[in-house]
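Visitor: I would like to go through this model with you. Please give me the reasons behind each label.

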Amino acid sequence: MSQAGQSGRYAASSVVRAVLGFAVLVACLFAGTALVRWTGLPVPPSVMGMAILIVALACFARLEAPVGLAATPLLKHMMLCFIPAVAGVMEQFAVLKTGWLPFVAASVLGGALTLVVTAITFQALMKRKEVA
């Protein structure tokens, strides 16, 4: 088979895997939404969907590559998702003038906590990868 035919097959295979990964992400989001509505738990549906995704990835290791392939471009452009939130904050600027300290404290502490938890998780996963 020619090299062009092989690269075309690889590209098609990559697209199919990315679509499968995206379908898994969407299915986990919908499952999280359904579970929150069904149980009435006070948890955001997207967080519940992420928990379902973690369980699915732990149970079915073969899903890791397709989900990673689908998630990479989404994570690469994640900052675009924060534009509406920043616009909403700027709309409430008058309120922020009077109560800016709790907002800044929560933002800084939340960011620092996220950074620490991410670093600890990354280190744990790297140690786990070295052992395997």
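Guide: What follows is a set of questions about a predicted model, with the value behind each answer.

Visitor: What makes up the fold of the protein chain, in helices and strands?

Guide: The protein chain has 6 helices and 0 strands. From the N terminus on, the order is α-α-α-α-α-α.

Visitor: How do you know what the radius of gyration says against a compact globule?

Guide: Set the two values side by side. A compact globule of 132 residues would come near 14 Å, but the protein chain has 20 Å. The principal axes add to the picture: the C-alpha trace spans about 70 × 35 × 35 Å.

Visitor: What share of the protein chain counts as buried?

Guide: Of the 132 residues, 12% count as buried. The cut-off for that label is under 20% relative accessible area. The accessible surface comes to about 10600 Å², and 75% of that surface belongs to carbon and sulfur atoms.

Visitor: What part of the contacts joins residues 24 or more positions apart?

Guide: Among contacts with a separation of 6 or more, such pairs account for 48%.

Visitor: Why is helix 6 said to lie largely in the open?

Guide: Count its buried residues. Helix 6 has 32 residues and the number buried is 0, so helix 6 lies largely in the open.

Visitor: How does the reach of helix 6 compare with the span expected at 1.5 Å a residue?

Guide: Helix 6 covers residues 100-131 and reaches 47 Å from its first C-alpha to its last. The expected value is 46 Å, so the two are close.

Visitor: Is G111 in helix 6 buried or partly exposed, and why?

Guide: G111 has 40% relative accessibility. Buried needs under 20% and exposed needs over 50%, so a value in between is called partly exposed. G111 therefore counts as partly exposed. Its C-alpha is 26 Å from that of A70, and the two are 41 residues apart in sequence.

Visitor: Why does G21 get its label, buried or exposed?

Guide: G21 is at 0% relative accessibility, so G21 counts as buried. The place of G21 is in helix 1.

Visitor: Which residues does G21 touch, leaving out those up to four places away in sequence?

Guide: G21 touches P66, V67 and A70. V104 is another matter: its C-alpha is separated from that of G21 by 37 Å, and their positions lie 83 residues apart along the chain as the separation.

Visitor: Why is S14 called partly exposed?

Guide: S14 is found in helix 1, residues 3-39. Its relative accessibility is 22%, so S14 counts as partly exposed. The cut-off for buried is under 20%.

Visitor: What makes up the nonpolar patch on the surface?

Guide: The patch is formed by L75, M78, M79, F82, V86, M90 and F93. Together they have about 730 Å² of accessible area. Members of such a patch need over 30% relative accessible area.

Visitor: Where is F82, and why does F82 count as partly exposed?

Guide: F82 sits in the loop between helix 3 (64-76) and helix 4 (83-91). At 40% relative accessibility F82 falls between the buried and exposed cut-offs, so the label is partly exposed. The 40% is also over the 30% that a patch member needs.

How values were computed:
Residues numbered from 1 in each chain as written. Predicted model: local features only at pLDDT ≥ 70, side-chain atom pairs only at ≥ 80, totals over all residues. Heavy atoms only, no water. Helix = DSSP H or I, 4+ residues; strand = E, 2+ residues; numbered from the N terminus. Buried < 20%, exposed > 50% of the residue type's maximum accessible area, 1.4 Å probe, protein only. Rg over C-alpha atoms; globule rule 2.2 N^0.38 Å. Contact = heavy atoms within 4.5 Å. Areas by Shrake-Rupley, 256 points an atom, 1.4 Å probe, with all protein chains shown as cover. Patch = residues over 30% accessible without salt bridge, like charges linked within 9 Å, V, L, I, M, F, W, Y side chains within 5 Å. Salt bridge = Lys/Arg side-chain N within 4 Å of Asp/Glu carboxyl O.
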